[in-house]
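Hi everyone, thanks for coming. Please pull up the sequence and the structure on your screens, and we'll take a friendly walk through them together.

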Amino acid sequence: MLAGILLHVLLVTAIQYEPVLPPSYPLAVRNPYLSTWIPGNLVANLPSSSPQFWTGTDLTWSVIGRVNGTAYSLLGVTDSVANVQAAEVLSAQYTSTHTTFTLQAGSATFILDFLSPVAPWDYVRQSLPFSYLTVTVSGAASQAVQIYSDIDDSWTGGQSSGTVVNLTKTGTTSLYLISLVNPLLYSESDDQALWGDVIYASRPSSTSVLSTQFGNATTVRSQFVADGSLTNSSDTEWSTGDVVAFAHDLGNVADNQSVTFAVGYVREAAINYLGEAYTGYYRSQYQDTPSAVAHFLDDYAAAAAEAEALDAAISSKATAVAGSNYSDIVELSVRQAYGAIDLTIPNDSLDTSNPLAFIKEISSDGNVNTIDIITPAFPIYYLLDPDWIKFLLDPVLKYLATGGWQQPYMIHDLGSNYPNATGHNDQQDEPMPIEESGNILILVYAYKVATGDSTWATEYTSILQKYADYLVNNTINMANQLSANDAAGPLPNQTGLAAKSAVGLKAFGELTGLTNYSDVGASFANLLYDGGLGTDPNKTHFTLEYPTYPTTWKIPYNHYPDVLFKFGLFPEASYNMSSAFLPTVRGQYGVPLQNNMDWAKSDWNIWTAATLDTRTRDEFVDDLWAFVTNGLNTWPFSDRYIASSEFGNEAGVEVLCKARPTVGGHLALLALSEGPRGLAVSSSSGSTKRRISSVGMSADSEEVIRIST
């Protein structure tokens with residue numbers, strides 16, 4: 001392993017990485033079907049490397065810069081195009097919303113800036129299924145510069161069925177729509193959508209002339225290399241190897257001239273919710289794709305200003321809470337946490353009064369609105385805009401209210417295969433009775449605490465009480481069952497699940513004023529620690545199981561809500577106990593999930609860290625940072641990795657999971673420090689909620705953004 005790390009260091013030392021070199025960089029990450037990345041180990045060869053869908057499937061996305069007649073590949077030029085030189089990669093940087101690469105091309109410097117806005121308080125901006133690529137050139141004063149970019153139908157996921165391309169113009173905006181000849185509604189192939197339209201769009205800047213072309217990739221690119229412009233022509237039909245392309249002729253430029261492209265994936269019918277079509281929230285304002293894309297490009301200045309403010313706030317506050325290593329982790333997590341979600345409204349009425357959000361259980365089984373996916377991620381929603389907790393739970397609770405789910409415990413998910421949120425009237429989900437029953441009570445309470453809104457929870461009190469009763473009657477003598485970490489297998493009498501039940505019951509009691517449930521929760525917690533049911537005889541650690549498994553252990557992540565909500569169910573001595581014990585079972589890259597496992601869960605580890613003393617907390621943070629930066633991994637931030645070589649596996653290597661929204665749990669320390677809406681964004685008018693974005697904002701207009709500090 002050491003030789004591999006040394007080779008990796010030698011390969012990357014010539015490039016400046018800020019803040020670190022991650023396993024993979026988010027490029028266009030907005031929803032489950034617009035999730036484009038580039039592995040960190042490919043950045044050194046960025047000019048000839050392909051971006052990838054989160055699964056690892058290559059996506060064609062190329063950029064070429066031309067300076068005084070000489071063409072330089074900047075990104076993704078994988079074929080042999082004559083007279084194209086590879087630019088030199090100088091630096092790579094990521095923030096919470098941006099990924100930027102700086103390249104030297106002759107005397108000119110090009111910056112590729114990939115911006116995926118994170119604006120959960122602005123429902124239109126957040127729901128727009130597009131991402132920005134801005135290319136800026138400097139150092140080429142008085143030289144002729146042209147900028148080119150293309151994509152192909154690899155973004156559709158179903159190229160073998162045939163492809164249709166249309167070029168549309170709205171004002172100065174030109175956009176290509178790439179779709180399948182035979183789309184399959186609500187269907188996927190290798191996690192890519194098989195219905196809808198891939199979008200690539202651009203418009204002239206104040207200093208550029210825009211040209212377009214659709215055809216064979218080598219032919220189109222060669223045309224640009226030779227002339228610095230495209231022919232504004234199209235092939236009659238799509239063929240394998242074709243691309244859609246834009247070229248900007250900037251003429252003789254002054255420094256820092258920029259052009260912007262928009263890439264996206266539009267599904268008019270985005271979600272099948274109980275047999276009804278739901279579409280993106282943005283459709284309430286922009287019913288057709290051309291107007292939505294035009295608005296997205298109009299909105300660039302305001303979105304970029306907001307993103308810059310959010311980036312600065314997250315970086316500074318995360319650093320203040322737990323140091324720069326923690327900030328590096330959090331900044332890499334933000335886009336991914338929101339990148340599995342669609343925010344929707346009914347497709348027929350476009351009624352915005354009750355938005356519903358749908359989240360995909362990415363890279364495990366593709367379930368819809370899995371409760372134990374929402375739960376580990378909830379700290380980021382609590383921190384940025386807690387209304388999203390309601391948006392994510394409401395589709396599930398509305399389904400439960402129909403009576404379709406007959407089990408006495410909380411359902412695991414809303415559908416087996418995204419985007420089909422069709423429930424489980426057959427009663428066949430992945431049962432996690434204590435896990436999900438505790439989770440739903442904690443999440444609904446989190447929403448009330450964060451927003452002050454008790455009306456919504458009241459609608460579902462009878463449903464929630466049923467699950468609270470289940471916890472009362474089934475926790476201490478617990479049947480053999482799964483926890484959220486289903487890969488660990490089922491066990492009876494799990495200490496962690498009993499702790500979750502205690503916290504869930506306390507949450508329900510606080511939510512409803514039914515103090516008898518709070519009392520039962522407190523009695524469970526007392527049994528686990530003061531009574532010694534969930535500890536070893538000497539009270540050195542919490543056990544994995546009870547009552548006769550004193551040498552087992554599991555990280556006590558389910559105690560985080562007890563600390564966050566200041567319930568006081570578990571005494572300070574129990575947290576001191578864990579702070580002293582967990583360093584003794586620390587592997588090379590942190591503490592594994594439990595004693596018989598060698599892998600860690602990053603989200604649960606940071607939840608746990610938030611309950612520990614500063615020294616042990618920082619060890620957890622530093623170990624996760626070491627995993628992120630060790631150069632052994634290439635996936636979008638994996639929340640599961642080998643922490644210890646105790647069982648013969650290579651430590652520091654990612655396992656199974658990639659691009660999952662559970663990394664929202666990495667903000668648990670920030671949520672504890674800053675509280676609900678601790679990073680709330682407001683406009684100059686002081687409004688903290690913008691359901692409808694400014695309409696018709698020009699590219700030159702500016703929205704004043706303030707981050708509360």
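Let's begin with Tyr278, whose contacts beyond four places in sequence are Glu268, Ala269, Ala270, Ile271, Tyr273, Thr344, Ile345, Pro346, Asn347 and Leu356. Before you trust every detail, keep in mind that this is a predicted model. Tyr278 belongs to strand β23, which covers residues 276-280. Is Tyr278 buried or exposed? Its relative accessible area is 13%, and because the cut-off for buried is under 20%, Tyr278 counts as buried. One of its contacts, Asn347, is 69 residues away along the chain, yet the two C-alpha atoms are separated by 4.7 Å.

Now look at the sheet around that strand. In which order do its five strands lie? The order is β25-β24-β23-β22-β26, in an open sheet with mixed pairing. At the edges you find β25, residues 356-359, and β26, residues 420-421; each has a single partner strand, so one side of each has no neighbour in the sheet. The edge strand β26 pairs with β22, residues 271-273, in the parallel sense over two bridges. If you want to find that pairing on your screen, click on Asn272, whose bridge partner in β26 is Asn420.

Next, a smaller sheet. Three strands make an open sheet in the order β2-β3-β4, and the pairing here is antiparallel. Its edge strands are β2, residues 24-31, and β4, each pairing on one side only. How many bridges hold β2 and β3 together? Six, in the antiparallel sense. As a landmark, Pro26 stands opposite Trp37 in β3.

While you're there, follow the chain from β3, residues 34-39, towards β4, residues 52-53, and in the loop between them you'll meet Ser50. Being in a loop doesn't have to mean being out in the open: Ser50 has 16% relative accessibility, so it counts as buried. Leaving out residues up to four places away in sequence, Ser50 touches Ile38, Leu42, Asp58, Leu59 and Thr78.

Keep Pro26 in mind, as it comes up again. It is among the residues that Arg335 touches, along with Val29, Tyr94, Thr95, Ser96, Thr97, His98, Thr99, Phe114, Ser116 and Val118, again not counting residues up to four places away in sequence. Where does Arg335 sit? In helix α6, which covers residues 324-338. Arg335 is buried, with a relative accessible area of 2%. Look at Thr97 in particular: Arg335 and Thr97 are 238 residues apart in sequence, but their C-alpha atoms are 6.3 Å apart in space.

One more strand before we turn to helices. Strand β18, residues 209-216, is mostly covered, with six of its eight residues buried. It is joined to β20, residues 242-252, by eight bridges, and those two run antiparallel. Thr212 has Phe246 as its bridge partner in β20. Strand β18 is also joined to β19, residues 233-234, by two bridges, and that pair runs parallel. There, Gln213 has Ser233 as its bridge partner.

Now for helix α7, residues 371-384. Its 14 residues reach 19 Å from the first C-alpha to the last, close to the 20 Å expected at 1.5 Å a residue. Where is the kink in α7? At Ala377, shortly before the proline Pro379, and the angle is about 55 degrees. The helix is also largely enclosed by the rest of the structure, because 14 of its 14 residues are buried.

Helix α15, residues 572-581, has buried residues too: Ser574, Tyr575, Met577, Ser578, Ser579 and Phe581. Their cover includes α14, residues 560-564, and α17, residues 614-629.

Finally, let's zoom out. The domain assignment gives domain 1, residues 16-305, and domain 2, residues 355-674. The contact takes 29 residues from domain 1 and 31 residues from domain 2. How far apart are the C-alpha centres of the two domains? They lie 38 Å apart. UniProt, in an unreviewed entry, also lists residues 323-670 as "domain: Glutaminase A central". That span is 45% helix and 5% strand, and its end C-alpha atoms lie 11 Å apart.

That's my tour, so please have a look around for yourselves!

Terms used: Residues numbered from 1 in each chain as written. Predicted model: local features only at pLDDT ≥ 70, side-chain atom pairs only at ≥ 80, totals over all residues. Heavy atoms only, no water. Pairing = 2+ DSSP bridges. Helix = DSSP H or I, 4+ residues; strand = E, 2+ residues; numbered from the N terminus. Buried < 20%, exposed > 50% of the residue type's maximum accessible area, 1.4 Å probe, protein only. Contact = heavy atoms within 4.5 Å. UniProt positions renumbered as here; feature names shortened; annotations may be inferred. Expected span 1.5 Å × (residues − 1). Bend = angle between axes of the 7 residues up to and from the residue. Domains from an automatic or database assignment.
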